[in-house]
Amino acid sequence: MNILKNRDVLLAFAIVLLIGGVAARFPAFVRPGNLVNVFNDTSPLILLAIGQMIVILTKCIDLSVAANLALCGMAAALMNGMGVPLPLILLAVVLLGGALGAANGLLVWKLGIPSIVVTLGTMTIFRGTIFLMTGGAWVNAHQMSTAFKALPRMVFLGLPVMSWVALAAIALFFMLLTRTPLGRSFYAVGGNPHAAVYTGLDVGRTQCIAFVISGALAGLTGYLWVARYAVAYVDIAAGFELQVVAACVIGGIAIVGGAGSVIGAVLGALFLGVINNALPVIRISPFWQMAISGSAIVIAVTLNATQNRPKGRIILKEVEPT
Amino acid sequence: MTQTLRTGRAIPDRLQSPAMRALRSWESILVAVAIAIFVTNSFTSPYFLNAWNLSDATFNFTEKAMIALAMALLIISGEIDLSVASIIALASTAMGVAMQAGAGVPMLVLIGIGTGVLCGAFNGILVAGMGLPSIVVTIGTMSLFRGIAYIVLGDRAFTGYPPGFAYFGQGYVWWVFSFELVLFTVLAVIYWALLHRTSFGRAVYAIGNNATAAQFSGIRVARVKFILFLLTGLMSGIAAVCLTSRLGSTRPSIAAGFELEVVTMVVLGGVSILGGSGSILGVVLAALIMGMVTFGFGLLNVPGIVMSIFLGVLLISVIALPRLFGRK
């Protein structure tokens with residue numbers, strides 16, 4: 001009975017059901033090669049969802065991830081054009097992404113501005129910066145070096161490198177969140193900020209670290225995205241932040257903070273990834289994608305709330321006359 | 001054992017004089033900024049000081065400002081609605097469908113506004129009725145509403161609205177005063193009265209400051225919040241009618257990014273993003289300022305995306321500066 005109440009198990013079950021449903025009509029969908037493709041396609045979403053989840057754990061939200069991704073992706077493409085070696089580019093995008101995340105984090109930490117306002121603002125600032133960097137020009141496939149484009153697609157033990165990066169991030173952040181003091185402090189800060197202060201945690205600092213992690217992951221994903229699709233322009237991954245938040249909400253990460261797991265975020269991302277990949281297979285126009293992830297958010301947040309609703313507290317009780 | 005009373009803040013022995021308070025208020029800063037921008041614009045471009053050009057400039061903000069009026073109340077009550085731009089897209093699409101089915105102008109307007117109200121009700125049921133966090137709900141419906149517009153339209157567009165329909169976005173009531181500007185002015189007065197002169201308005205402030213206390217003092221919190229979401233939907237519907245009429249066409253990407261500008265307008269207007277304080281006058285002034293800045297940038301041929309950087313910086317700095325300099 002307990003296993004049925006476990007969200008992650010239920011969600012995993014829903015994903016299997018979804019894949020099974022599609023496979024019943026289109027058996028080719030469950031060929032191992034195709035499932036690898038689905039996972040690989042979902043890798044950027046998984047990476048961002050992990051970062052977003054950590055931010056949400058601390059009672060914040062990061063709406064600037066997609067813009068951060070686009071900016072770092074463009075920076076990677078431009079650096080490649082200038083002949084910077086690939087390892088340096090990788091290091092640079094992670095640092096740049098982390099720095100952009102730190103900008104969000106510092107505004108939240110030092111000035112106490114609500115994260116939604118900060119990241120709504122930085123979202124447009126980051127996108128605008130890409131325009132200022134390029135004047136709106138695209139960086140196309142022929143302007144990128146072969147090595148730059150090849151890395152995410154390179155197959156290693158049957159999986160492309162992009163998938164390996166996602167798997168590595170899952171393992172790393174699973175360990176971080178469950179086995180280190182820093183990981184536990186994310187939960188503490190989100191679960192009860194006042195109590196966190198009394199246990200000696202700096203709430204703002206922890207939130208800032210969460211933003212840096214989210215930003216660094218977005219930066220790395222920016223390179224992977226641009227290299228894989230072999231194009232960089234102002235509007236890449238526009239609106240992707242919504243899918244990322246959707247993945248977290250579907251994965252059972254409580255938007256009020258303090259509850260959620262890496263596994264949940266990954267499953268949430270996979271759920272959306274399977275839907276996105278199944279739509280063309282079952283011949284539904286890709287224009288349905290947006291409405292589907294929207295409904296998924298609404299349904300998931302409704303389910304989350306009905307599941308974890310605290311029972312009402314009795315504040316007045318009739319006392320028997322003595 | 002002696003107890004020392006420590007209150008953390010000094011209690012002033014006299015209140016500031018009303019004139020002094022008015023002078024130091026956020027609204028008077030906004031007035032000063034508005035005048036400064038007006039003067040700068042008149043010097044930097046010879047085309048700025050012209051009644052018709054200024055009238056054209058009002059189209060930059062009237063639709064967003066209408067939504068900002070309702071959004072201000074919503075944010076004061078401690079909630080937010082990020083789906084407003086998507087409501088415009090959906091309402092506009094609904095009007096397009098009705099237009100193709102041969103609906104007349106009154107029917108089109110009714111459908112546009114009706115769709116807005118329905119979307120607002122949907123948000124309201126989820127947030128006020130079920131107690132879900134408004135940020136997530138409206139991020140969800142933001143994607144849902146616009147998603148439906150994409151399902152209906154795909155990469156196509158509705159064009160060919162009846163000629164009479166153009167009045168709402170392009171018509172003039174008198175001289176340089178456009179229908180949109182007059183409508184906005186009327187709505188602003190109504191919202192000012194609603195927020196500052198009725199018990200409903202007081203309830204909105206009370207909820208924003210302490211929803212639990214408001215509940216215990218007999219305010220029907222859920223109902224007030226529901227009405228506020230309805231109003232925001234209604235205003236988005238009205239804005240959809242105006243915008244569709246002005247553009248004469250509907251694309252699923254219509255009004256993209258409006259939610260950011262509306263929230264910026266409200267916050268710039270001095271409404272606390274945490275709820276509980278703010279005024280309609282401030283929001284109207286902020287709308288004027290943003291409209292004039294957009295117009296001024298436009299005259300100087302600054303690209304739209306640079307304008308959006310400016311908006312982002314404005315949104316953050318408006319909240320950051322008072323905190324940096326210790327004003328609340």
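## Helix α13 of chain A and the loop after it

Just after α13(A), R283(A) adopts a positive phi of about 60°. The model is a predicted one. R283(A) shows this phi although it is not a glycine. The residue sits in the loop between α13 and α14 (289-308) of chain A. R283(A) is exposed, because just 7 other C-beta atoms lie within 10 Å and the cut-off for exposed is 12 or fewer.

The helix before that loop, α13 of chain A, covers residues 262-281 and has 20 residues. From first C-alpha to last, α13(A) reaches 29 Å, close to the 28 Å expected at 1.5 Å a residue. Many of its positions are listed as buried, including V262(A), G264(A), A265(A), V266(A), L267(A) and G268(A). The buried list continues with A269(A), L270(A), F271(A), L272(A), G273(A) and V274(A).

## A second positive phi

L157(A) is not a glycine either, yet its phi is positive, about 55°. It lies in the loop between β1 (155-156) and β2 (159-160) of chain A. L157(A) counts as exposed, because it has 5 C-beta neighbours inside 10 Å.

## The nonpolar core

The largest nonpolar core has 203 residues. Those with the most contacts inside this core are A49(A) and I88(B). Helix α11 (residues 203-229) of chain A supplies the largest share of the core, 15 residues.

Take I88(B) and set aside its neighbours within four places in sequence. Its contacts are then S236(B), A239(B), A240(B), L243(B), I254(B), A255(B) and F258(B).

## Buried positions in chain A

G101(A) belongs to helix α5 (residues 86-111) of chain A. G101(A) counts as buried because it has 30 C-beta neighbours inside 10 Å, and the cut-off is 20 or more. Beyond four places in sequence, G101(A) touches N68(A), F211(A), V212(A), S214(A), G215(A) and A216(A). M74(A) is 27 residues from G101(A) in sequence, and the two C-alpha atoms are 16 Å apart in space.

Helix α9 of chain A spans residues 181-191. Its buried residues are S185(A), F186(A), Y187(A), A188(A), V189(A) and G190(A). What do these buried residues of α9(A) pack against? The partners are α3 (32-57), α8 (161-179), α10 (193-198) and α11 of chain A.

## Contact between the chains

The contact takes 34 residues from chain A and 37 residues from chain B. On the side of chain B that touches chain A, three elements give two or more residues: α7 (134-153), α13 (258-268) and α15 (304-324) of chain B. That side of chain B divides into 27 nonpolar, 8 polar and 2 charged residues.

L126(B) has a contact in chain A. Leaving aside neighbours within four places in sequence, L126(B) is in contact with V298(A), L132(B) and V137(B). L126(B) lies in helix α6 (residues 105-129) of chain B. It is buried, with 23 other C-beta atoms within 10 Å. D56(B) is 70 residues from L126(B) in sequence and 39 Å from it in space, C-alpha to C-alpha.

## A helix pair in chain B

Helix α9 (residues 179-197) and helix α10 (residues 199-209) of chain B have axes that come within 5 Å. The axes cross at roughly 65°. That makes α9(B) roughly perpendicular to α10(B), because the range for this term is 65 to 115 degrees.

Which residues of α9(B) and α10(B) meet? L194(B), L195(B), H196(B) and R197(B) come from α9(B), and F200(B), G201(B) and V204(B) come from α10(B). The residues of this contact divide into 4 nonpolar, 2 polar and 1 charged.

## Strand β4 of chain B

S249(B) is in strand β4 (residues 249-250) of chain B. Is S249(B) buried or exposed? S249(B) counts as partly exposed, because it has 14 C-beta neighbours inside 10 Å. Leaving aside neighbours within four places in sequence, S249(B) is in contact with A157(B), F158(B) and T159(B). S249(B) and G96(B) are 153 residues apart along the chain, and their C-alpha atoms are separated by 8.1 Å.

Terms used: Residues are numbered from 1 along each chain as its sequence is written. Chains are lettered from A and ligands numbered from 1 in the order in which they are written. This is a predicted model: local features need pLDDT of at least 70, side-chain atom pairs count only at pLDDT 80 or more; totals for chains, interfaces and linings use all residues. A nonpolar core is a set of buried Ala, Val, Leu, Ile, Met, Phe, Trp, Tyr and Cys residues joined through C-beta atoms within 7 Å. Helices (H or I, at least four residues) and strands (E, at least two) are DSSP runs, numbered from the N terminus. Two residues are in contact if their C-beta atoms, placed from the backbone, lie within 7 Å. The expected span of a helix is 1.5 Å times one less than its number of residues. Ala, Val, Leu, Ile, Met, Phe, Trp, Tyr, Cys and Pro count as nonpolar, Asp, Glu, Lys and Arg as charged, and the others, Gly among them, as polar. Axes are lines fitted to C-alpha atoms, for helices over the stretch in contact, and angles run from 0 to 180 degrees between N-to-C directions. Angles under 35 degrees count as roughly parallel, over 145 as roughly antiparallel, 65 to 115 as roughly perpendicular and the rest as oblique.
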